[in-house]
Amino acid sequence: MSYGVSAALQAAVYQHLSADPRMTNLVGTAIYDAMPAGSLPPLYVVLGAENARDASDKTAGGALHEFTVTVVTESAGFASAKVVAAAVSDALVDADLTLSRGTLVSLNFHKAKAARVGAGDVRQINLIFRARVADET
């Protein structure tokens, strides 16, 4: 198994979302790899948790990464969060990402969960994607 491509995959996902015109139209620069200090905008996207497992074969080391992209909104209801979640999915599914290490073999949507956070108006959608990567090093 190789976990060596993880940082390269995360960086490529972040760069791809940040450069996507639809994403920037919807949330501007409010796409985070790490949560910033201070107050947050009322609608934002953040990269989240990741699980990885071996997907090596005879030709190379590799892994299957399940990673989360979270959309958060302070708006009552899920409408605005779902529009952004759809844009995230559209941007990432089958994206042709160039990694600084390794190769992206496939990138697919796996599942999502929409939920209210606490007793207020905050809504959150966790989108989980599966990326198969090969590590030729």
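This is a short chat about how helices and strands are arranged in a predicted model.

User: Let's start with helix 1 and helix 3. At what angle do their axes cross?
Analyst: Roughly 120°. Helix 1 covers residues 6–19 and helix 3 covers residues 79–92. Their axes come within 10 Å.

User: So what do we call that, oblique or roughly antiparallel?
Analyst: Oblique. Roughly antiparallel needs an angle over 145 degrees, and roughly perpendicular stops at 115, so this pair counts as oblique.

User: And the hand of the crossing, left or right?
Analyst: The crossing of helix 1 and helix 3 is right-handed.

User: Which residues meet there?
Analyst: From helix 1, Val-13, His-16 and Leu-17. From helix 3, Val-88, Ala-91 and Leu-92. Five of the contact residues are nonpolar, one is polar and none is charged.

User: Switching to the sheet. What order do the strands take?
Analyst: The order is 1-2-3-5-4, in an open sheet of five strands. The pairing is mixed.

User: Which strands stand at the edges?
Analyst: Strand 1 (31–32) and strand 4 (103–116). Each has a single partner strand, so one side of each has no neighbour in the sheet.

User: How does strand 4 pair with strand 5?
Analyst: In the antiparallel sense, over 12 bridges. Strand 5 spans residues 123–135. Ser-106 stands opposite Arg-132 in strand 5.

User: Back to helix 3. Which strands does helix 3 lie across?
Analyst: Strand 2 (43–54), strand 3 (61–73), strand 4 and strand 5. Helix 3 runs at about 155° to strand 3.

Definitions and conventions: Residues numbered from 1 in each chain as written. Predicted model: local features only at pLDDT ≥ 70, side-chain atom pairs only at ≥ 80, totals over all residues. Heavy atoms only, no water. Axes fitted to C-alpha atoms, helices over the stretch in contact; angles between N-to-C directions. Helix = DSSP H or I, 4+ residues; strand = E, 2+ residues; numbered from the N terminus. Parallel < 35°, antiparallel > 145°, perpendicular 65-115°, else oblique. Left-handed = near helix turned anticlockwise from the far one by under 90°. Contact = heavy atoms within 4.5 Å. Nonpolar A, V, L, I, M, F, W, Y, C, P; charged D, E, K, R; others polar. Pairing = 2+ DSSP bridges.
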